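Reader: I am new to this structure and would be grateful for a close look at a single part, namely the place where the two chains meet. Please describe the surroundings as far as they help to understand it.

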Amino acid sequence: MLFGLEDWPVHIVVCVKQVPDTTSVRIDPETNTLIRAGVASIVNPFDMYAIEEALRIKDKLGGKVTAISMGPPQADAVLREAIAMGADEGILLTDRAFAGSDTWATSYTIAAAIRKLGAVDLIICGKQASDGDTAQVGPGIATHLDLPQVTYVRKIDEIAADHVVAERMLDEGSEIIRCPFPCMLTVVKELNEPRLPSLRGKMAAKKAQIILWGAKDFDCDPINLGLNGSPTKVVKIFTPAPRGGGEMLTGEPEEVARKLAEKIRDAVIAISG
Amino acid sequence: MANDPIAVSSEKCTGCGRCLKACPFDAITLKDKLAVIDLTKCTLCGACVQSCKFEAITMVEKTAGDVDLKLFRDVWVFAEQYEGKIHSVTYELLGKGRKLADDLGMALCAVLLGKGVKEKAQDLIARGADKVYVVDRPELEFFQDEVYAAALVELVTKYKPNVLLSGATTIGRSLVARVAVKVHAGLTADCTGLEIDPQTKNLLQTRPAFGGNIMATIVAPANRPQMSTVRHKVMKELAADPARKGRVFMEQIAEGVLKARTQRVRFEPETSTTVNIAEADIIVSGGRGMLKPENFALLNELAGVLGAAVGASRAAVDAGWIGYSHQVGQTGKTVCPKIYIACGISGQIQHLAGMSSSDIIVAINKDPDAPILKTATYGIVGDAMQILPLLTAEFKKVLKKS
């Protein structure tokens, strides 16, 4: 147990982020920039697997699932979605003081809020968020809380009240790791199939009181928050040069196969020849 | 409001609308000929500040840190190794690191953690390193997040590097995210461009965001080391020069520092693949347009001849035609091969996010309107099932001749 004495049942915190739904993002063909107007917001896809796994563990061991997010007030929608799926409560960290947070400040803030929750056994995050793609916040939270971690979890082999045995997806294969509670896991898509919210869940989500915490509601140092607490700073944003005009190869199958082989012949020989 | 992190001066703003176009987050609107920033959408990226011709937008500057930047010297590269074999991204980082170190007038150093890895230090010197710091300990036989992070934190604290680069690999990302928090450094993920700002000497780190549709350049002006993970296969390695001289430092780390709470039970190598997509120079990839799992044999045959890996779109993976470790795209892996051959993949934005930085993209698709054909270097409107065997035959000939 983290900062607590209870040892049963488990308390799982799942971290979720609201991101723009990239399925509805379109590129402006003239300016080659993103058209963001009217883009819907969704739960970060990887976080859906994190929520699902937290719920499965709760189903097995009993206990409580707390969903936590940081963002503007309207990000409460992702917490309601987690509650609709079965999470017990949602906490939204929202404050202008958090604006401009990079991964250092974000993980600091979320870790500080989790510390206030007291007894926590397990923190589950998605591998990365689809808007930033950093994969840094999960390990950052673990480090701020001095917890061990297993990243890229593709399968849980064993789970008990005090430890987990998880399979981590590496490029060369799977590493099977035993990790005591409390700890932090980041999860990938292969782990499970997220459930759809039940009607009862949807009702609960509608009625749920999302807990709102600002910087004054938990113990944190203002110097580490938001823009000021973020070591990194964006200095320039630009649109990459569009890929050089593509070439269409036409003709009968035999002909296009031969044309293509000619086109990429040198590159292939340089690699495989 | 006075304490907002970003503000528009009503005296200077002319309502020209330039900032509306510049904002990648659709956070600015015009109200009564005045730009209004929606702080719930704004990420403080600063794009509008740059775009404004009237200096009407001001952003709160970070208060200067208390870190004495002059104490931090040298460019470091984390030398990733697996069972004693140096990961090729390490050589790419040394190639780039050499240039950065020369631009800064500093040394290029590699950090090698492992068990029985000492003799690999010379390989790192041959690829450009001036110094190699080696920690050779049984606790470091396998990558373990806590232990590796603890060793790296010890060395960073002791030597104070100015720049620390790691591959944006599974291991690299898990490791340095811990180190950056511990040493309070800025960390930029998955960089595809690195250079030294000639004026400030800061490291300019450029990375794709939103699946490569926008690029962001990021600095960490007040913290050191400046840390980046760097995408594999983007930077160029130097040719190995076995005669190159450098110094090797065997580092001691106090007992008790290298403790892991996790325990590695066992390792199961991926059996279904011969070449993994993160490493591959050529990827032959299939999507829903392959119609049935049996047709993936056609991809396997071409991949076999080319020495390529087999990738897949999310649709093919979700249909159960091939394992998740082959999935390219937003919920799979980001790949950057020299040649990517997409067969029967329409090219949704989520797929493009995972492969659009490949050098050469070939797309074969029946639908002439498939978005992938607009991204492709070479596009073919046709039936992949017909064309793939013909391509396999062509390359059998080509590669036999060479």
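Author: The model is predicted. Chain A contains 6 helices and 15 strands. Along the principal axes, its C-alpha atoms fill a box of roughly 70 × 40 × 40 Å. Of the 273 residues of chain A, 52% count as buried. Contacts in chain A between residues at least 6 apart in sequence include 70% that join residues at least 24 apart.

The meeting of the two chains can now be considered. On one side, 81 residues of chain A are in contact, and on the other, 90 residues of chain B. Helix 6 of chain A, residues 253-272, supplies 15 residues, the largest share of the side of chain A that touches chain B. By class, this side of chain A has 41 nonpolar, 22 polar and 18 charged residues.

Strand pairing also takes place between the chains. As a general matter, strands of a sheet pair through backbone hydrogen bonds, either parallel or antiparallel. Strand 14 of chain A (residues 233-238) and strand 14 of chain B (residues 214-219) run antiparallel and are joined by 5 bridges. Within strand 14 of chain B, B:Ile218 is the residue that stands opposite A:Val234.

Another pairing between the chains involves a hairpin of chain A. Strand 10 (residues 163-170) and strand 11 (residues 173-180) of chain A are antiparallel, with 8 bridges between them, and 2 residues separate these strands in the hairpin. A:Arg168 has A:Glu175 of strand 11 as its bridge partner. Strand 11 of chain A also pairs with strand 17 of chain B (residues 263-269), in the antiparallel sense and over 6 bridges. Here A:Glu175 appears again, with B:Phe267 in strand 17 of chain B as its bridge partner. A:Glu175 thus has bridge partners in chain A and in chain B.

A further sheet contains strands of both chains. This open sheet has 6 strands in the order 15(A)-22(B)-21(B)-20(B)-18(B)-19(B), with parallel pairing. Strand 15 of chain A (247-249) and strand 19 of chain B (309-312) stand at the edges; each has a single partner strand, so one side of each is left without a neighbour in the sheet. From one strand to the next, the twist averages 20°.

At the chain B end of this order, strand 18 (residues 282-286) and strand 19 of chain B run parallel and share 4 bridges. B:Ile283 has B:Ala309 in strand 19 of chain B as its bridge partner. Helix 7 of chain B, residues 296-306, lies across strand 18, strand 19 and strand 20 (339-343) of chain B, and runs at about 175° to strand 18.

Chain B also offers a helix pair for the surrounding picture. The axes of helix 5 (residues 145-159) and helix 6 (residues 170-183) of chain B come within 9 Å and cross at roughly 45°. The two helices of chain B, helix 5 and helix 6, are therefore oblique to each other, and helix 5 of chain B passes helix 6 of chain B in a right-handed crossing. Among the residues of helix 5 of chain B that meet helix 6 of chain B are B:Tyr148, B:Leu152 and B:Val156, while those of helix 6 of chain B include B:Leu175, B:Arg178 and B:Val179. The contact of helix 5 with helix 6 of chain B has 8 nonpolar, 2 polar and 3 charged residues.

Terms used: Residues are numbered from 1 along each chain as its sequence is written. Chains are lettered from A and ligands numbered from 1 in the order in which they are written. This is a predicted model: local features need pLDDT of at least 70, side-chain atom pairs count only at pLDDT 80 or more; totals for chains, interfaces and linings use all residues. Axes are lines fitted to C-alpha atoms, for helices over the stretch in contact, and angles run from 0 to 180 degrees between N-to-C directions. Angles under 35 degrees count as roughly parallel, over 145 as roughly antiparallel, 65 to 115 as roughly perpendicular and the rest as oblique. A crossing is left-handed if the near helix is turned anticlockwise from the far one by less than a right angle, and right-handed if clockwise. Two residues are in contact if their C-beta atoms, placed from the backbone, lie within 7 Å. Ala, Val, Leu, Ile, Met, Phe, Trp, Tyr, Cys and Pro count as nonpolar, Asp, Glu, Lys and Arg as charged, and the others, Gly among them, as polar. Two strands pair if DSSP finds at least two bridges between them. A residue is buried if 20 or more other C-beta atoms lie within 10 Å of its own, exposed if 12 or fewer, and partly exposed in between; C-beta atoms are placed from the backbone.
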